[in-house]
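Reader: I am new to this structure and would love a close look at a single part of it. Could you pick one place where two elements meet and walk me through it?

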Amino acid sequence: MRWLHDRSIGQKFFISFGVILGLLALSLTALLFYLSRINSYVDRHKRITVPAIVTAATMQRSAYEMNVRLHLFLEQATKANAIDTLAQLNRYADQIRSSLDLYRSTHAARTHPILFGMLTEHHRVDLVDQEDRAISQIDQALQDLAVLWSAALLLNTTIAVTPSPSMNTDALIEQLFDNLDQLVAAHRDIDVEMKVEGDLLLRQARLIALGLVAILGLVITMIYLLVNRQIARPLQRLSVTADRVAHHDLTAQFETWPSRDEVGTLAASLSSMVTSLHEQTAAVARKTKELEAFTYSVAHDLKGPLREIEGFSSLLEKQFADSGDAQTCHHIDVIRRSALRLTHMIDALLKYSRLEQQDLPRQRFNILEMITTLISDRFSGIQGPKPKVHLELPFADFYGEPVSVRQAIANLLDNAAKFSRRTLIPTIIIGGTQTATERILWVQDNGIGFDAAQRDKIFGLFERLHSPQDYEGTGVGLAIVKLVLDKHNGRVWAESTAGAGSTFYLAFPERVEAVVSRLSPAQPIS
């Protein structure tokens, strides 16, 4: 077992299947061996036993016909037909003698070593002796009958002139019948022994087959238990631990693998990986706390001086407003607006940082009501021409974190309104669609659009395609949109052509549960 522990998984399975295949080969060999023996038994039965009985029956029939012919002659004995009768009797005798010679050379048990060995194993050599005696006595009776018939023909006008030869003939024929019966009986008993041998071979074949099947079943059971103990159960525990690690439980520990194979190496590597992850997570947690403290400190430390700069620049602007020095007033205005823009950037960066550190618990909510309220709040107090907003959302039920989703949609609405305000009739369309796995929101405007090559750049933090003098903004709005979608494991992308408006898509993964969607017809909001 120790030697097996040090093998690889491939080698273990190779050895296991090799043992199983070896046992199967051994089982097949044993079955073929016994099938060959059974086939040999059937062949011997066809070639020896059945022909032997047929030959003995043929001799009995010839002897019966000979006896009938003899008694018919004795009833009407004349010298005229004596010679013909003797010739017929000798012909019957020759037939019996020829069949006996065939029997002796082909069917006798003593002439077949395998058959003789089988009878010896069964302790039935007496059947062989009985067969030999019957053959000898049949041959002797045939010889005595031939001598008797020849002498009777020479001494008398008929075979039955004196009673003595007739009586001797009947006795010899009776002896011939008795010996033929003994021969048939002996070979029937030999046939019985062959059937016993056949039954024995079948029983042995069954026992061997059952034994090999039992051994094969035992080996398969042992291999199953070994694989279950050495591979399956440790793998199951390994997968449970890996699942805990996948769900951010870094306190989980991978147990030592019981053997030095590929999975053992993997378990050791995973243990090392978990240890490294635990250390890195602790380091990241420390850095995150330090970064939070740093962000808070920088934000508050910067906003104080910026407020002072903005406040004093406002005072200076009022002071120099009546002096008529246009250049000085312009410089002061640039200082004030730069301070305000930097303040807005700090606020946006703090908002992005807080969102990045938050967990977003998701729930079901009515997004149709949310967007309707958002449009009313966003465009109710706007100065100048208001954009015309169409809401074409085909569902109301939505799964996500309401606050962050509202923030993402608000940022897209602000962008759409900002970049379409210079068109003749600013128009914004909010629509959506749903699939088996996602619900997609899209916000479309008829504004200035952008080059399609810039569509990945616009979602970067502080990335801007226009100068602050042309379009105000901090470059954080779309970065927050992308962060919200990342937090929801969703997707965000944009399609646009310069001068032909833009369309932003938000794809949120759908929760696996039955959702009853409430359809909303297209309707203008403002």
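**Two helices in contact**

Author: Happily! In this predicted model, helix 9 (residues 367–379) packs against helix 10 (residues 402–420) at an angle of about 45°, and their axes lie 10 Å apart. That angle makes helix 9 oblique to helix 10. The crossing of helix 9 past helix 10 is right-handed.

Which residues make the contact? From helix 9 come I367, M370, I371, L374, I375, D377, R378 and F379. Helix 10 brings P402, V405, R406, I409, A410, L413, D414 and A417. Sorted by class, the contact of helix 9 with helix 10 has 12 nonpolar residues and four charged ones, with no polar residues.

Further along the chain, you can turn to the strands. Strand 4 (residues 427–434) and strand 5 (residues 438–445) form a hairpin, with three residues between them. The two pair in the antiparallel sense over seven bridges, and I428 stands opposite D445 in strand 5.

Strand 5 also pairs with strand 7 (residues 502–509), again in the antiparallel sense, over eight bridges. Here V443 has F504 of strand 7 as its bridge partner. Is strand 5 largely enclosed or largely open? Seven of its eight residues are buried, so strand 5 is largely enclosed by the rest of the structure.

Notes: Residues are numbered from 1 along each chain as its sequence is written. This is a predicted model: local features need pLDDT of at least 70, side-chain atom pairs count only at pLDDT 80 or more; totals for chains, interfaces and linings use all residues. Side-chain values use heavy atoms; hydrogens and water are left out. Axes are lines fitted to C-alpha atoms, for helices over the stretch in contact, and angles run from 0 to 180 degrees between N-to-C directions. Helices (H or I, at least four residues) and strands (E, at least two) are DSSP runs, numbered from the N terminus. Angles under 35 degrees count as roughly parallel, over 145 as roughly antiparallel, 65 to 115 as roughly perpendicular and the rest as oblique. A crossing is left-handed if the near helix is turned anticlockwise from the far one by less than a right angle, and right-handed if clockwise. Contact means heavy atoms within 4.5 Å. Ala, Val, Leu, Ile, Met, Phe, Trp, Tyr, Cys and Pro count as nonpolar, Asp, Glu, Lys and Arg as charged, and the others, Gly among them, as polar. Buried means under 20% relative accessible area, exposed over 50%, partly exposed in between (1.4 Å probe, protein chains only). Two strands pair if DSSP finds at least two bridges between them.
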